[in-house]
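Work through the exercises below with the sequence and the model at hand. Each task is followed by a worked solution.

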Amino acid sequence: MNQHTPTLLYIDDDEALARLVDRGLTRRGFRVVLAASGEEGLERIRRAATQDSAEGGIDVVALDQYMPGLDGLETLEQIMAIPDAPPVVFVTASQDSSIAVTALKAGAADYLVKDVQGDFIPLLHVAAEGALRQAELQRAREEAEAEIHASRDRYAALAAERELLLREVNHRVGNSLQIIASLLHLQASSAAQDEVKAALTNAMGRVAAVAQVHRRLYTSQDLKSVVLNQYLDSLLEDLRRSAEGNRMSRLTLKAEPIEIDPDRAVAVGIIVNELVMNAVKYAYPDGAGPIHVELISQGDDLLLSITDDGVGDNAKADPRSTGMGQRIVAAMASKLDATVERDPTHSGTRVVLKFGRVPASVGKTSTAAAS
């Protein structure tokens, strides 16, 4: 592979010194292009910037300070305004350090003092090589930053697409489950036997509890969590609509806006469905009565209670009961790593579940990591 020969544009009105620079840098591996004024040098840089320039590009510029017409500082300012301008080494015969500071602030890559004998040419070679390396590093840094930004954009686009797909999945799953719940409701309404009607109604409530989570996720800004007070409010409204007559007219909710993950929200919803339906069936044998659902936070734990003011322990056992509801509550409580207790001081029935805001495995992992 052929190694690229760097091209240096030397802008100086001293013709004799320009020839010395040409010979000295050509021997050191540069191709040297000469310009006798700032205007000529600017025109050459602009031509080199065009893709179809037959003269070739300019890799680095050495710019003299004192010239007729545009001086070095004025020329430097205009060079810096050219898109993708090559790096500039500012050259002057003055010993005034303020000129160096001004040139460097204006965008020069380096600065050196020249002499009329050409003894500065080795220094110019070093400065030009350094300016080229600095420009290459700058290009590499800009390319890396551009790639980082492009990667971030691609990641953001993929994340947005994934979120859209998840919303669509939750929407479709929620709709499908809602259809199933509606079919179960229709079947329960047409059932002649009370035990069949009750079984279908219970099944409908369980399906609706899961469907509500997916509906929440479809409309939520956050696909990773469910706000429990909103979820439970919608769930209890579904239970009110599904109840025959007016047996749930006094079903109330008091819940804090607590967020948990969707899987645990499903477990909470199914537990509430089972315990509320149990209270509807057994708490008030002679009619309807109040049923209260409450969710509060207590430190790192959550307390969920379902309360009625009914007959409590005096409720008659139903010989047709299969115990399915109790088994479902126990299974969902295990999923939540929750404790389930009845309040012995309450005259009716009050069941209290206590569980953590986050899964127990997450808490254990965090504790282990901290230790």
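The exercises treat an annotated aspartate, salt bridges and a surface patch.

The model is predicted: local features need pLDDT of at least 70, side-chain atom pairs count only at pLDDT 80 or more, and totals for chains, interfaces and linings use all residues. Residues are numbered from 1 along each chain as its sequence is written, and side-chain values use heavy atoms, with hydrogens and water left out.

**Exercise 1.** Determine whether Asp64 is buried or exposed, and list what Asp64 touches.

Solution.
- Step 1. Locate the residue: Asp64 belongs to strand β3 (residues 60-64); strands (E, at least two residues) and helices (H or I, at least four) are DSSP runs, numbered from the N terminus.
- Step 2. Classify the residue: the relative accessible area of Asp64 is 3%, so the residue is buried (buried is under 20%, exposed over 50%, partly exposed in between; 1.4 Å probe, protein chains only).
- Step 3. List contacts (heavy atoms within 4.5 Å): leaving out residues up to four places away in sequence, Asp64 touches Ile11, Asp12, Asp13, Gly72, Val91, Thr92 and Lys114.
- Step 4. Look for salt bridges (a side-chain nitrogen of Lys or Arg within 4 Å of a carboxyl oxygen of Asp or Glu): a network of them links Asp64 with Asp12 and Lys114.
- Step 5. Consult the record: an unreviewed UniProt entry annotates Asp64 as "modified residue: 4-aspartylphosphate"; such annotations may be inferred rather than shown by experiment.

**Exercise 2.** Describe the salt bridges Glu15 to Arg19 and Asp301 to Lys354 by distance, location and exposure.

Solution.
- Step 1. The whole structure holds eight salt bridges.
- Step 2. Glu15 and Arg19 meet at 3.2 Å, N to O. Both are in helix α1 (residues 15-27), four residues apart, about one turn of the helix.
- Step 3. Glu15 is exposed at 58% relative accessibility, whereas Arg19 is partly exposed at 41%.
- Step 4. In the bridge between Asp301 and Lys354, the closest N and O atoms are 3.9 Å apart. This pair links distant parts of the chain, with Asp301 in strand β10 (residues 301-308) and Lys354 in strand β12 (residues 349-356), 53 residues apart.
- Step 5. Asp301 is partly exposed at 25%, and Lys354 is partly exposed at 35%.

**Exercise 3.** Find which residues form a nonpolar patch with Leu186.

Solution.
- Step 1. Leu186 sits in helix α5 (residues 121-190) and is exposed, with a relative accessible area of 55%.
- Step 2. Ile179 and Leu183 join Leu186 in a nonpolar surface patch, with about 320 Å² of accessible area together (Shrake-Rupley method, 1.4 Å probe, only the protein chains shown counting as cover). Patches take residues with over 30% relative accessible area and no salt bridge, joining like charges within 9 Å and nonpolar side chains (Val, Leu, Ile, Met, Phe, Trp, Tyr) within 5 Å.
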